[in-house]
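Dear colleague,

Please find below the structure that I am handing over to you. My findings follow directly after it, and I would be grateful if you would read them alongside the model.

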Amino acid sequence: MDLAYTEQQDAFRAEVRAWLEQNVPAEPLPSFDTEEGFRLHRDWERKLNEGRFGMVTWPEALGGRGCDLIEWLIFEEEYYRAGAPARVNQNGIFLLGPTLMEYGTEAQKARFLPKMATGEEIWAQGWSEPNAGSDMAAIRSKAVRDGDHYVISGQKTWSTRAVWADWTFGIFRTDPESSRHRGLTFILVPLDAPGVTVRPIPQLDGLPGFAEIFFDEVRVPVENRLGEEGMGWNVAMATAGFERGLMLRSPARFQETARRLVQLYRDNRAAADIDPTVREAVMRAWMDAEAYTLNTYMTASRLIKGGKIGAESSTNKIFWSELDQQMHETALSILGARAELKPHSVGAEGVGRWLDGFLFSQAGPIYAGTNEIQRNIIAERMLGMPRA
Amino acid sequence: MDFTFSDDQLAFHDSVKGFLTNEVTPEAIRDLWQRDGGRSDELWGQLAELGLTAMTVPEQYGGLGLDALDFVLLAQECGYAALPEPLVETVMVAVPLLAGLADEHRQLQEHWLSRVASGEARLAVGHPSNPLVADAHIADLLLLCHGDEIHAVPAQQVQLRASESVDPSRRLFAVDWTPSDATRVAGGESGRRLQAEALDHGALACAAQQLGLANRMIDIAVDYSFERKQFGSAVGSFQAVKHLMANVAVKAEFSRAVLYRAAFAAARGQANAAIAASHAKIVATEAALLAARNGIQVHGAMGYTWEVDLHIFMKRAWALDGAWGTRGFHKARVGDFVFADGAPLGAGATFEAR
């Protein structure tokens with residue numbers, strides 16, 4: 001064990017910091033759940049890629065830097081520290097990208113990964129269906145083989161970024177006789193294909209951050225299948241594993257939120273201390289963000305040495321999502337009667353963006369597998385408790 | 001940056017875990033409860049034979065010259081086993097305290113540390129954070145704080161009054177003694193520093209045991225959840241029961257890296273060692289306390305009995321909660337750190353520079 005960065009790691013950090021200082025927009029971009037914001041975030045992805053910072057863990061041949069997970073954590077720390085824009089293509093680069101590298105053919109990798117890296121193609125995820133949420137194996141949208149095409153019919157929902165995205169990925173039932181986890185196939189679908197209809201769903205903040213996607217006999221070439229036919233569940237679980245695991249929510253994000261929360265508390269101390277529980281809640285936010293960071297470094301070190309992510313990664317999702325809620329609840333409690341005010345509205349000086357973060361934090365325990373599902377996974381697969 | 005244990009550390013951990021699993025069973029612990037003094041010279045001898053009492057003793061005194069990072073996994077296993085013998089406090093607190101005295105006490109160090117390493121002598125520590133002294137009755141030398149000072153007092157010069165803990169394995173004593181120039185081994189600035197280090201080491205020792213205890217209580221409750229049937233099913237198949245245990249697993253899982261970082265910081269004498277130890281003590285204790293609360297709940301009425309082994313571990317967790325600094329004390333220290341001007345917070349501030 002050696003909990004200090006190497007010279008090489010320090011140099012990488014310095015390089016990332018210098019580039020971000022030069023390139024991060026001075027003003028925060030509008031939300032990527034608006035048309036203009038989406039376009040600006042896409043431009044930012046292109047710029048990041050030009051600096052070869054789009055996806056630092058990818059191989060150099062794909063525009064990455066072949067970084068290991070420790071360097072990825074360093075990159076993320078600098079990224080959040082610099083207040084750089086949110087990653088509009090996170091479904092692509094963090095979820096589908098790693099899955100493509102594991103399951104994709106060489107042709108698929110060459111076709112999809114470079115355009116994913118540049119932001120030329122932004123990805124939406126297509127997991128849930130109206131009757132398949134936590135119970136994802138209840139999927140009914142079907143893909144019927146017709147020569148060298150699949151013909152897709154059905155509906156996906158809660159598809160994040162689908163309103164302005166270019167592509168979606170998901171699992172579809174290719175064997176009509178099958179049930180549950182069998183007979184599903186992982187397919188990549190262009191959202192401009194004939195027969196695709198995207199209907200935006202306004203989320204809690206009023207913006208269309210997700211959408212329903214309707215498929216009406218959409219023809220997709222067989223080469224858009226990822227992995228073997230009928231093996232879609234396994235491919236999807238690999239993707240969900242990345243999501244729950246390391247990539248989607250890096251600790252830097254929570255450390256920066258905790259740092260801002262400490263600052264908010266210090267700036268409003270007299271009012272905040274009227275509620276004696278606030279001080280402890282702020283301190284706990286720091287402790288938990290620190291614990292999440294340490295845990296992630298430990299996991300990253302283990303993976304670098306050839307270890308595998310196991311069922312214990314289900315504890316991550318619960319930990320960060322509840323931490324995120326707790327931090328934002330505490331911030332609103334410090335802001336007191338002004339907490340309800342939207343930024344830039346009358347009387348809202350100094351409220352910052354805590355309200356947006358609070359609203360978003362409500363989704364954390366739900367998406368990527370509800371925390372109740374995660375608790376079942378922990379109990380059954382990590383602790384070995386009896387199945388129902 | 002490498003957050004893994006070495007193969008040597010892991011191999012030693014495995015062998016000690018095997019020993020404790022076979023030798024320090026709940027039956028053996030219950031047996032010790034019946035004995036006068038509650039301790040076993042034979043067991044201590046076995047621990048010494050394994051090299052455990054020598055771990056942190058400097059090589060020049062016949063020890064292995066290892067540190068808190070080498071011992072933390074073993075301390076966790078001692079918690080998992082609820083080992084009654086004071087091995088963790090000896091290795092992590094008493095030995096470093098004695099070894100940390102100024103050079104003028106080399107003779108004293110050599111005399112006692114070589115005997116601790118070989119298992120011939122035992123130490124106990126009286127520290128202001130603990131109102132009583134644990135295992136004073138089997139100690140040959142007591143390291144006792146008095147104001148800023150530290151005194152090394154042979155067993156013949158103290159009188160003990162036994163107290164009683166909720167944990168029948170704990171043996172606590174009020175120690176009556178008279179400080180003198182002859183017994184004083186540190187004072188002033190160095191006395192304060194050694195006392196502060198002893199507190200941090202004690203907190204770390206508790207944290208490691210608490211995490212082990214939490215894991216043991218999870219295992220016991222999970223086993224029971226298979227055995228006990230209600231409504232025709234194992235109670236562990238019910239979601240409400242599963243989630244009780246999953247919540248403990250989350251807390252335990254997110255204490256681990258905090259604990260290991262604290263051990264690393266202590267071993268390297270880093271500036272953040274005190275805060276890291278406090279953080280570890282808080283979260284590992286919370287994991288153990290939740291494991292106790294949810295563990296008893298999973299057991300139903302059986303969890304409230306003397307018969308079921310769960311209480312061996314619950315009671316240790318409850319007892320260690322207040323030892324080597326209460327949670328209030330440790331939270332206050334973390335708070336002072338977090339809310340200080342210029343505190344190193346935020347992304348990238350976690351690890352100290354080389």
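In this predicted model, strand β2 of chain B is joined by 2 bridges to strand β6 (residues 172-176) of chain B, and the two run antiparallel. Within this pairing, B:Val133 stands opposite B:Phe173 of β6(B). Both strands belong to an open sheet of 3 strands in chain B, arranged in the order β2-β6-β5 with antiparallel pairing. Its edges are formed by β2 (133-134) and β5 (159-162) of chain B, each of which pairs on one side only.

A helix of chain B also deserves your attention. Helix α5 (residues 87-99) of chain B carries a kink of about 25 degrees at B:Val93, and the proline B:Pro96 follows shortly after that position. Of the 13 residues of α5(B), 11 are buried, so the helix is largely enclosed by the rest of the structure. B:Val93, where the kink lies, is itself one of these buried residues. The buried residues that precede it in α5(B) are B:Leu87, B:Val88, B:Glu89, B:Thr90, B:Val91 and B:Met92. The list is completed by B:Ala94, B:Val95, B:Leu97 and B:Leu98.

I turn next to the interface between the chains. Here 42 residues of chain B are in contact with 50 residues of chain A. On the side of chain B that touches chain A, the elements giving two or more residues are α7 (188-227), α8 (239-268), α9 (273-299) and α11 (327-338) of chain B. Among them, α8(B) provides the largest share, with 13 residues. Sorted by class, this side of chain B comprises 24 nonpolar, 11 polar and 7 charged residues.

As to chain A as a whole, its secondary structure amounts to 12 helices and 8 strands. Its C-alpha trace spans about 70 × 50 × 45 Å along the principal axes. How does the radius of gyration of chain A compare with that of a compact globule? A compact globule of 388 residues would have a radius near 21 Å, and chain A agrees with this because its own value is 21 Å. Buried residues account for 47% of the 388 residues in chain A. Among the contacts in chain A with a separation of 6 or more, 71% are between residues 24 or more positions apart.

With kind regards

Conventions: Residues are numbered from 1 along each chain as its sequence is written. Chains are lettered from A and ligands numbered from 1 in the order in which they are written. This is a predicted model: local features need pLDDT of at least 70, side-chain atom pairs count only at pLDDT 80 or more; totals for chains, interfaces and linings use all residues. Two strands pair if DSSP finds at least two bridges between them. Helices (H or I, at least four residues) and strands (E, at least two) are DSSP runs, numbered from the N terminus. Two residues are in contact if their C-beta atoms, placed from the backbone, lie within 7 Å. Ala, Val, Leu, Ile, Met, Phe, Trp, Tyr, Cys and Pro count as nonpolar, Asp, Glu, Lys and Arg as charged, and the others, Gly among them, as polar. The radius of gyration is taken over C-alpha atoms; the globule rule is 2.2 Å times the number of residues to the power 0.38. A residue is buried if 20 or more other C-beta atoms lie within 10 Å of its own, exposed if 12 or fewer, and partly exposed in between; C-beta atoms are placed from the backbone. The bend at a residue is the angle between axes fitted to the seven residues ending there and the seven starting there.
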